[in-house]
Amino acid sequence: MSFRLQQEYFWIHIVALLYLCGRSASQLSYSISEEVNKGTVLGNIAKDLNVNVQDLETRDLRIVSSYSKKYFEVNLRTGNLVVDERINREELCPNVVKCSIKIQAVLNDPMTAHRIEVNILDANDNSPAFTEGTYYFNISESSLTGERYLLPIAVDADIGSNSVKSYKLSQNAYFSLDVQSGGEHGGEHGVSAELVLQKALDREKQSVIRLILTAVDGGKPARSGSLDIHVNVLDANDNIPVFSKSLYKVSAQENAEHGTVVIKLNATDLDEGMNSKILYSFINRGNIDPSNIFDLNSETGEITVKGRLDYEETPAYEIRVQAKDQGFSPRSAHAKLLIEIIDVNDNAPEISVTSLMTPVKEDAEMGTIVALVTVSDKDGGNNGVTNCKVVGSVPFKLKSNYKNDYSLVVDGPLDRENISLYNVTITATDEGNPPLSSIRGITVHVSDVNDNAPRFMEPVINVYVKENSAVGSVIHTIRAFDPDLDRNSKLTYKLLDSSPKNIPISSVLNINSETGDIVSLQSFNYEELNTFQFKVQATDSGVPPLSSNVTVNVLILDENDNNPTVLAPYSEHGSVNSESIPYSAEAGYFVAKIRAVDADSGYNALLSYHLSEPKGNNLFRIGTSSGEIRTKRRMSDNDLKTHPLVVLVSDNGEPSLSATVSIDVVVVESTADIQTQFRHVPIKEESFSDLNLYLLIAIVSVSVIFLLSLISLIAVKCHRTDGSFSRYSAPMITTHPDGSWSYSKSTQQYDVCFSSDTMKSDVVVFPGPFPPVDGELISINGGDTFTRTQTLPNNDKVRVLQLYMKSFQSP
């Protein structure tokens, strides 16, 4: 490492230590030289902020600035604040004595912001330079020794000790150099030089004198620049103009209009004629041309405003003016003019958002930083003092960090489901007269948090499924709604295991976890399972996930999928049954009774009987609902002795299913022949008569007891113990054209069929095809239990009841 670089690092650390010793709790100060290499360490920010180095990554330490370039960065492993890009002080802060970069260090958990000011120290990287390559002087030979001539100044972009500190003049016999420090107000440049005549000039000996002026800065090592000076020796004009003052001080308001008079200069010359006529002009020094801002009347010396005056750009102008006579060998004098600009409140405050932490979570705590806001005003004094606030009723407020730096923080509860975006309006007003203000809008997005569980539209869902439906068909689609956003509202569905009749629900149904489609895994049989219940759980994809359940009742709808079955004694498949009637039988004579049952329910189990008889045979008829075969008329000699009959038993389903039975009716001469033919076994008439009497008495007794019990059961269920109606609605009995009746209640429905063709009657009870939506259901398993207000026989018991009652029916 070179000696110069070591020296620069030494001074960097010394200055940084001095700043750190005097810093406040809310601001850190560092100093560093310009043009240092990338990676140069300014200091340890973790130590200065009293933060553990291990916490820098977890708290996401960031350097935030409003500059277009990222000059500094933090090494999160060591906590060192380092240079991230070479800094050119002259490019960053032209024509400014103090150059600093203001940045902010932002930490999360909790969110804090710290202001950091980095002073950029000047390095001697620019040499002094003159604006002209060659400068010409016209000096009369009559000039007296001691006369002074103002020399051009050299411009050095560096400042302080690195700026121009001295001038040197090449060796000559006539002139010496007088170097002067800055004037009363310091001026724009630290030093100036004047050429002093030491020896009288003699044009006849030497008409042109060539000199070299060298400007040297104060850097180590020093840099320099030179200017060639040509002195033309002229003939005599021995009096020079004289200004009334060597320094003029005036002031002008920054909003002065064009043409406003600033000052009128006054210079005199003791000569006469053209040698005493004076013309005024500006002397351009460095890279500033006063004629762009002010207009000077060369004859009157009046200076007026020409350009735009702006206190924020230039608070004062230091101008050199010249008075030159019009003699053959013109002589001139110069004076200094200081024009101070008076500030006017013509700049509204400027609001800038240096960092916006958006979106903000809807569960953000009070005081969470949303944005960093900086307010600036180019005016001075009270015109530059600002007050900043949030306008309107929003859950945010401004918190002052340091002078004109603020943090926009959360000041109330946020709920994305109600408001997902806030337009926050910030206003800043200065203390000028009249005050000026500006408005800045900040858009704050509120991000979603998984704070809403999925919702079902109904607490209980009833699904109706036809039996024998195809396996794999969608029986229902579950839908739930989640007001959250994105993954927090993405739902998945699953079945909660509930066992219908000890069968795992997973073997009966499946659900598409994404669409909610419930698919059957088997075909349902109403006669085996007519209702069951399970639950569906909807879960979102948030962290942590939220879920809710809904109860689903599946009600199986009966279909006509069972044929009628003919009961004994005519049930033997493929056999031809035989019945005998006497020739003397009257019209309405009872021949036989066909009994049949259907495993279906409702109208699918309501049977009707019809004769498929040969054409022209009109001797017999059958009761459509009772199944009793009787004669239509008396026998005649023309009738056949044997009548083959085919009985068709049909249900009322759609489409209708049927069964057939064949009976041969034989006409005999006497009753004795009927008994013998029918029984096919020899039985003693005395024994048969006694047994028949006892059997008839038993049948009548059991039938009466059963009917009384049935009537009592219906009466108890329909009325309360105090005689009022129960909570069930009144029963409704409907008659059908075939002579059957239907008995129904609000919670259960039964079809009661009575024969209309004979005094012999069968009672057939058909349970309803499915319970009503608001009815109580039968228990599926031990886990999900339902109650019902009455106990009624199932299909199997109904069939037993039918068979039991038919067994007591006489033939």
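Here are three short exercises on this predicted model, each with a worked solution.

**Exercise 1. Work out which stretches call for caution, starting from the chain's average pLDDT.**

Start with the whole chain: the average pLDDT is 79, and 80% of the residues score at least 70. Next, look for the weak spots. Over residues 184-188 the pLDDT drops below 50, though the model still gives this stretch nine contacts beyond near neighbours in sequence. Residues 675-688 also stay under 50, with seven contacts beyond four places in sequence. Now the practical bit: where pLDDT is low, don't read the predicted coordinates in detail.

**Exercise 2. Find the disulfide and decide whether its cysteines are buried or exposed.**

First, count: the structure has one disulfide. Then pick out the partners, Cys-93 and Cys-99, whose sulfurs sit 2.0 Å apart. Check the twist next: the angle about the S-S bond is 55°, and the link is right-handed. For burial, the cut-off is under 20% relative accessible area. Cys-93 comes in at 11%, so Cys-93 is buried. Cys-99 has 2%, so Cys-99 is buried too. Cys-388 can go through the test as well: its relative accessible area is 16%, so Cys-388 counts as buried.

**Exercise 3. Which residues make the nonpolar surface patch of about 350 Å², and how accessible is Val-700?**

List the members: Leu-696, Val-700, Val-704 and Leu-708. Now place one of them: Val-700 belongs to helix 7, which covers residues 685-718. Finally, take the accessibility of Val-700. Partly exposed lies between the 20% and 50% cut-offs. At 45% relative accessible area, Val-700 is therefore partly exposed.

Conventions: Residues are numbered from 1 along each chain as its sequence is written. This is a predicted model: local features need pLDDT of at least 70, side-chain atom pairs count only at pLDDT 80 or more; totals for chains, interfaces and linings use all residues. Side-chain values use heavy atoms; hydrogens and water are left out. pLDDT is the predictor's confidence in each residue, from 0 to 100. Contact means heavy atoms within 4.5 Å. Patches are made of residues with over 30% relative accessible area and no salt bridge: like charges are joined within 9 Å, nonpolar side chains (Val, Leu, Ile, Met, Phe, Trp, Tyr) within 5 Å. Accessible areas come from the Shrake-Rupley method with a 1.4 Å probe; for residues, only the protein chains shown count as cover. A salt bridge is a side-chain nitrogen of Lys or Arg within 4 Å of a carboxyl oxygen of Asp or Glu. Helices (H or I, at least four residues) and strands (E, at least two) are DSSP runs, numbered from the N terminus. Buried means under 20% relative accessible area, exposed over 50%, partly exposed in between (1.4 Å probe, protein chains only). A disulfide is a pair of cysteine sulfur atoms within 2.5 Å.
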